[in-house]
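Dear colleague,

Please find below the structure that I am handing over to you. A description of what was found in it follows.

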Amino acid sequence: SATVIKCRAAVAWEPNKPLVMEEIEVAPPGAHEIRIKVVATGLCHTDLYHLFESKKKEGFPAVLGHEGAGIVESVGPGVTKFKPGDKVIPLFISQCGECKFCRNPKTNLCEKGWSNERYDVMSDDMSSFTCKGKTILQFMGTSTFSEYTVVNEIAVAKIHDSAPLDKVCLLGCGISTGYGAAVNTAKVEPGSTCAVFGLGAVGLAAVMGCKAAGASRIIAVDINSDKFEKAKVFGATDFVNPTELSKPVSQVLAEMTNGGVDFALECVGNVGVMRSALESCTKGWGVSVLVGWTDMYDFSARPIQLITGRTWKGSLFGGFKSKDGVPKLVDEYMAQKLKLDDFITHTMPLHQINDAIELMKHGKCIRTILNVCPE
């Protein structure tokens, strides 16, 4: 098994350009590494953020993709908890189990992964990929837009043997992120009133989390009214399109809820929307959570908004410790306690990745699943 694998991957050679299907070389797994055959992957907005929005030339060339599922092909020296044939989900947040964050139940951060030093370029400086003689970076330590990838064992979750990989891949990012933001970070309470801003996959998963937590009212907010039917499926009760209002959305939500919602989740990654979400919360005890990914602008608010009792917090990967949380979420899906199929609007082979990107860019999909390798 300790040989280089040549396989197909979608390479982002530079920002703002279509991805290119290339033959790449994937090195054998080193110490404590796992080489994975990727079966299916979702496309997440964070892939697009890196490609089109973050303006970071250093993070290229790269293989994007961080929402995948596959099968262990081989393991490197020192790996004892995984064997070839295991079904796994690679994780963009590691869980080493030893650092100060892993030992603390209050957080799901980990010091050992790719992200500790290099959030700006979204990848480690080490990579197992080469193409045309060049090192190709591994986006978020995972790179699922490739038939094979190599991931550190602290960033891989072993999952149920009968889990359908073309569904549970979504638990590698978007669905866990939104669902956990509601149940773990916001700690939505039974009977409460919630607002979710942004109805992409993450926002819809947040709606699903609010419902699972027993919220009595869930107000879905999006500038695209086409999203409202889908939000209803996940439990939304009210719908607001800010572009159709004559006053700020926070005022409208305050009027609808006698002074503001108990919980507001921002699932867009837009600092203006983050402020709106905070201002939509009731004073006294309102909680607003930042879920959407962005690192480009400052957010702002008036101190009085917090002084009068609101709480503003952020959520990364829904607050789930990754290796512990993802297998449990897979089990919940298998027990029909968690929806995944309803997020999937399109399915296509990996080589149609640029079509999937166009769909997402124009808000024409919730999740597109790319089939990478047959099981």
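**The mixed sheet**

In this structure, E25 stands opposite T130 in β7. Please note early on that the model is a predicted one. The two strands concerned are β2 (residues 20–26) and β7 (residues 129–131), which run antiparallel and are joined by 2 bridges. Both belong to an open sheet of 5 strands, whose order is β1-β2-β7-β8-β4 and whose pairing is mixed. At the edges of this sheet stand β1 (5–11) and β4; each has a single partner strand, so one side of each is left without a neighbour in the sheet.

**Two loop residues, P61 and G76**

The loop between α1 (45–53) and β4 (62–63) contains P61. The peptide bond that leads from F60 to P61 is cis, and its omega is near -10°.

G76 is placed in another loop, the one between β5 (68–75) and β6. Is G76 buried or exposed? Its relative accessibility is 7%, and residues under 20% count as buried, so G76 is buried. Which residues does G76 touch, leaving aside those up to four places away in sequence? They are P29, G30 and E33. H32 also deserves mention here: 44 residues separate G76 from H32 along the chain, while their C-alpha atoms are 5.6 Å apart.

**The parallel sheet**

A further open sheet is formed by 6 strands in the order β13-β12-β11-β14-β15-β16, and here the pairing is parallel. Its edge strands are β13 (238–240) and β16 (311–314); each of them has a single partner strand, so one side of each lacks a neighbour in the sheet. From one strand to the next, the twist averages 20°.

One pair in this sheet may be followed residue by residue. Strand β15 (residues 287–290) pairs with β16 in the parallel sense over 4 bridges. Within this pair, S288 stands opposite W312 in β16.

Helix α4 lies across three strands, namely β11 (193–197), β12 (217–221) and β14 (263–266). The angle at which α4 runs to β11 is about 170°.

**The nonpolar cores**

How many residues does the largest nonpolar core have? The number is 108, and the residues with the most contacts inside this core are F145, V168, L265 and F343. The element that gives the most to this core is helix α4 (residues 201–212), with 8 residues. Another core lies apart from the largest one. This other core has 11 residues, including F197, V240, A264 and C281.

**Helix α9 and the loops on either side**

Helix α9 comprises residues 322–334, 13 in number. From its first C-alpha to its last, α9 reaches 18 Å, which is close to the 18 Å expected at 1.5 Å a residue. The buried residues of α9 are S322, G325, V326, P327, L329, V330 and Y333. What covers these buried residues? The covering elements include β6 (87–90), β10 (156–158), α2 (165–168) and α3 (174–186).

In the loop between β16 and α9 lies F317. Its phi is near 50°, a positive value in a residue other than glycine. F317 has a relative accessible area of 3%, and the limit for buried is under 20%, so F317 is buried.

On the other side, α9 is followed by Q336, which lies in the loop between α9 and β17. Q336, likewise a residue other than glycine, has a positive phi, near 60°. The relative accessibility of Q336 is 75%, and residues over 50% count as exposed, so Q336 is exposed. Thus F317 is buried, whereas Q336 is exposed, and a positive phi is found in F317 and in Q336.

**The β-α-β unit**

The loop that holds Q336 leads to β17. Strand β17 (residues 344–349) and strand β18 (residues 367–371) run parallel and are joined by 5 bridges. In this pair, P349 stands opposite N371 in β18. Together with helix α10 (residues 353–361), β17 and β18 make a β-α-β unit, and this unit is right-handed.

With kind regards

Notes
Residues are numbered from 1 along each chain as its sequence is written. This is a predicted model: local features need pLDDT of at least 70, side-chain atom pairs count only at pLDDT 80 or more; totals for chains, interfaces and linings use all residues. Side-chain values use heavy atoms; hydrogens and water are left out. A nonpolar core is a set of buried Ala, Val, Leu, Ile, Met, Phe, Trp, Tyr and Cys residues joined through side-chain atoms within 4.5 Å. Buried means under 20% relative accessible area, exposed over 50%, partly exposed in between (1.4 Å probe, protein chains only). The expected span of a helix is 1.5 Å times one less than its number of residues. Contact means heavy atoms within 4.5 Å. Two strands pair if DSSP finds at least two bridges between them. Axes are lines fitted to C-alpha atoms, for helices over the stretch in contact, and angles run from 0 to 180 degrees between N-to-C directions. A crossover is right-handed if, with the strands pointing away from the viewer, the path from the first strand over the helix to the second runs clockwise.
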